[in-house]
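Please open the model in your viewer, with the chains coloured separately and the backbone drawn as a cartoon. The tour goes from one selection to the next and says at each stop what is to be found there.

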Amino acid sequence: MIKFFRKSKEKKLISQQMIIDTNFVVVDTELTGLNEFRDNIIAIGAIKMIGRTIKIGDIFYRTVSPSTKKFRKESIMIHEITPSELEKCPEIKPILKEFISFAKDNIVVGHCVNLDLSFLKREIKSNIDYNFEPFSVDTLLIYKWLIKKGILPSDYMKNNSLENIALSLGIEAKELHNALSDAYITAQIFQKLLVYLANLKILTLGELLNIACPDICSYQDIAKKEAYQL
Amino acid sequence: MVKIIEDVIDFLKSVPPFEFLSDEVINSVTVKTSLEYYPKGTYILLQDGAPSEFLYVIKKGGVKVFRRVENEDIVIDYRSEGDSFGFVSLMSGDKSRANVVAIDDTICYLIPKDIILGLINKYSEVRDFFLRSFMNIYLDKGYREEQYKRSITSTVDKILFTTPVEEIATKEVISVTENTSIKEAAKIMCENSISSLIIMDSNGIPVGIITDKDLRKKVVASARNVDEPVKNIMSYPIIKIDAKDFCFEAVVRMLKYNIHHLLVIKNGKIHGIITNHDIMMLQGLSPITIVRDLEIQQTIEGLINASKGVNIIVGNLISQGAKASNITRIITEINDRIVKKIIQFAEREFGQPPVPYCWLALGSEGRKEQTFKTDQDNALVYADPSPSEQEAVQKYFLEFTKYIKESLLKCGFPPCPGDIMASNPKWCQPLKTWKKYFSQWIYTPKGENINLSNIFFDFRGIYGDLSLEENLRDYLLNIVKDQKVFLGYLANLAVRNKPPLGFFKTFVVEKSGEHKDKLNLKIKGIAPIVDIIRLFSLEKSVRETSTLERIDSLRNKHTVVRDYADEIIYAFEFLMLLRMRHQYEQVLQGNVPDNFIDPESLSNLEKKLLKDTFQLISKLQDILIERYKLMII
């Protein structure tokens, strides 16, 4: 309740903030699997943006040793990080601390960002006992919203994967499924989507959050599931 | 290494001036770089708007750079992937000088100002690159807007990088003490017709400067009392430059501090003042100013001085991307002017000639294809005198031509090693003798005669009674056109030098000697085209002498030219430009220009064009052999 109160108060403060002056951190994680309770983070990639500007040097990329040793064959197929590679990776605790200080006070942006956030929140809570509760923006939600508004063609509706969305917007999608590359691609998607929003005179953070904050939107679970049917 | 950084590094590595930098340095640039997306139609920079805080390097898409002047858009440039923009206002920091609009969805890497300034200070390659690419935009600031486009598209000439400041600085420095009244200072400036005055403190140390601008802005416009001391209106600190520094260093400082005057220091002492105007004068030598300058000269010495800028002009034109034919046209215009002037001096010296005469330029000068100052190739034809005056006339013209030869030498045209000059009695003859020569060469085409006809048949009248030239040309074209044997000999000469291209498409270069592994552009490329076109012109009675003009005239007259005219023109322009650029480099290094090019020094595109050119020549030679097959010996 207190948390909710704090957040809603903050929200008032930032809702008038201009998007172009806002600090964003675009995040992507690689996971051992999609089960929120059983699976773990094995890599975190993040890149900063100020408004529509992508700060190429302001990046974060760490692979971690997952607390669960159970690897799913299919996830290895996706991110190509093998268990033996991860053995050599450092522990997650200090890396989560680093990540928090990197992402601090930024609006977290991601493709199906709720999935990444739910893993991050849980890992952060259980490992370093910290409540990581950033505002977040889901690029997939903006994308779908723009389709509904008729700004993007309706046949884009079938696009859910990061790759397809990137391609539909003319963004080169290479090195997919590396957390940092995916974050970079997501950032470029976000950059273009913000231009569309600006053309619709959507310029404040409040308006953006109304469209793209997964906490507010109802169909996020569907979106998530669709997105991960790779 | 992180993949996305690596990608940016790879990209920057392929883009000048970053390509000159080490991976480490590029890496340090990359981590400060941002990526920005501009949808088509976005105005990225606005004319007279805020200065750019970044160097924009285009990753994808393209932009148009243009200025709006009196309701008219002047397109300055289109830039695309790998090009950059925003440099000039970034450097000067006052305002953006042009509009930059995305003409396509465009993605740019934005490199912050401080990073670029750091690179410029540290790496001369970076500095040179940006100076060359952008500096004229700054330098023409004082010029009228209409001239904007012309100078903005040109690049800074090498001269900025080779001329020490002291060479062009104003030596005389006039200074006053800081307590001198504004009125007094202005009076001193007027009396000495200078645009700036150095202000000294009581210890004789320069502390500031006042310029016309200060008087305008801080005195007249703000109605300041002219009895106030100059120190109240002076600009300070005064920026200095060493006398030995090259002029581009001066440009950098003017730009950095947004000023137009620098104090020149030599051995710790004040040596002079250099202004942006001095620098504009240095590089602003235009063909027009040279021609005008030549026109008013009354002495050989004056001509020598006035003609000094020719090489600079050629360099300017080359770096401005002028076509070779335009450059040679300008050079011809200037050189003709020098020759005419000298002949006029000779007339003044020896009195009016006893009979009408015409000065003839031969060889490349006759074809208007001269590049840098080359050997004298000339002759003189005079109206047939009566037998009684023959001897006196001959004597007059020999003295006359000797004077011209020596004067040309003084102006930088060395004598012809083969003595094909009007000063040689053999080549200073009345019309009837010339006709005899021509008919001899044509009717008995052997050995030396063929070579002579190749040189002399490109004759062009430069000065004097041009009807003599016309008369001689009528005669030549009339007797030559059906002389199949003679033309066969010329054809033979034109195919003698096979283009240096083997079946394996590799260059055949000089095998030994000083020019080992080099390619003789003149003999292997330019001469065959010139020879073939001359041959066709004689066949078809074309009066023009320049190769390109001959091609144009032959378009409707000669089937081979009709089919290949555009290709030949393109090839010829290309070869001439390659040679000119090569020779200009040599001139800059103080060497004697030659025709030997190192194929390895060419870019891939140039290599490809050169191969195409040689294939064309080879094709033309095959056609020639086919047409004249009975004649080829």
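Begin by selecting residues 41–50 and 53–63 of chain A, which are strand 2 and strand 3 of that chain; in this predicted model they pair in the antiparallel sense over eight bridges. Between these two strands of chain A lie two residues, which makes the pair a hairpin, and in the turn you will find Gly51(A), whose phi is positive at about 55 degrees. To follow the pairing along the hairpin, display Lys48(A), whose bridge partner in strand 3 of chain A is Lys55(A), and then Ala43(A), which has Thr63(A) as its bridge partner in that strand.

Now keep strand 3 of chain A in view and add residues 34–38 of chain B, which form strand 1 of that chain: these two strands pair in the antiparallel sense over two bridges. Which residues of strand 1 of chain B are the bridge partners of Lys55(A) and Ile54(A)? For Lys55(A) the partner is Ser34(B), while for Ile54(A) the partner is Leu35(B).

Next, widen the selection to the whole sheet, which is open, has nine strands with mixed pairing, and runs in the order 5(A)-4(A)-1(A)-2(A)-3(A)-1(B)-8(B)-3(B)-6(B). At its edges stand strand 5 (136–138) of chain A and strand 6 (84–85) of chain B, and because each has a single partner strand, one side of each is left without a neighbour in the sheet. Helix 4 of chain B, residues 113–122, packs on the sheet, where it touches strand 3 (54–60) and strand 8 (106–112) of chain B, and its direction makes about 65 degrees with that of strand 8 of chain B.

For the contact between the chains, select the 17 residues that come from chain A and the 15 that come from chain B. On the side of chain B that touches chain A, helix 1 (3–13) and strand 1 each supply at least two residues. The residues of that side of chain B divide into eight nonpolar, three polar and four charged.

Finally, move to Gln376(B), which is found in the loop between helix 17 (363–366) and strand 16 (378–382) of chain B. Is Gln376(B) buried or exposed? Gln376(B) is buried, because 23 other C-beta atoms lie within 10 Å, and the cut-off for a buried residue is 20 or more. If its neighbours within four places in sequence are left aside, the residues in contact with Gln376(B) include Lys405(B), Leu408(B), Phe413(B) and Met421(B). As a last step, draw the C-alpha to C-alpha distance from Gln376(B) to Asp419(B), which is 8.8 Å although the two are 43 residues apart in sequence.

Notes
Residues numbered from 1 in each chain as written. Chains lettered and ligands numbered in written order. Predicted model: local features only at pLDDT ≥ 70, side-chain atom pairs only at ≥ 80, totals over all residues. Pairing = 2+ DSSP bridges. Helix = DSSP H or I, 4+ residues; strand = E, 2+ residues; numbered from the N terminus. Contact = placed C-beta atoms within 7 Å. Axes fitted to C-alpha atoms, helices over the stretch in contact; angles between N-to-C directions. Nonpolar A, V, L, I, M, F, W, Y, C, P; charged D, E, K, R; others polar. Buried ≥ 20, exposed ≤ 12 C-beta atoms within 10 Å, placed from the backbone.
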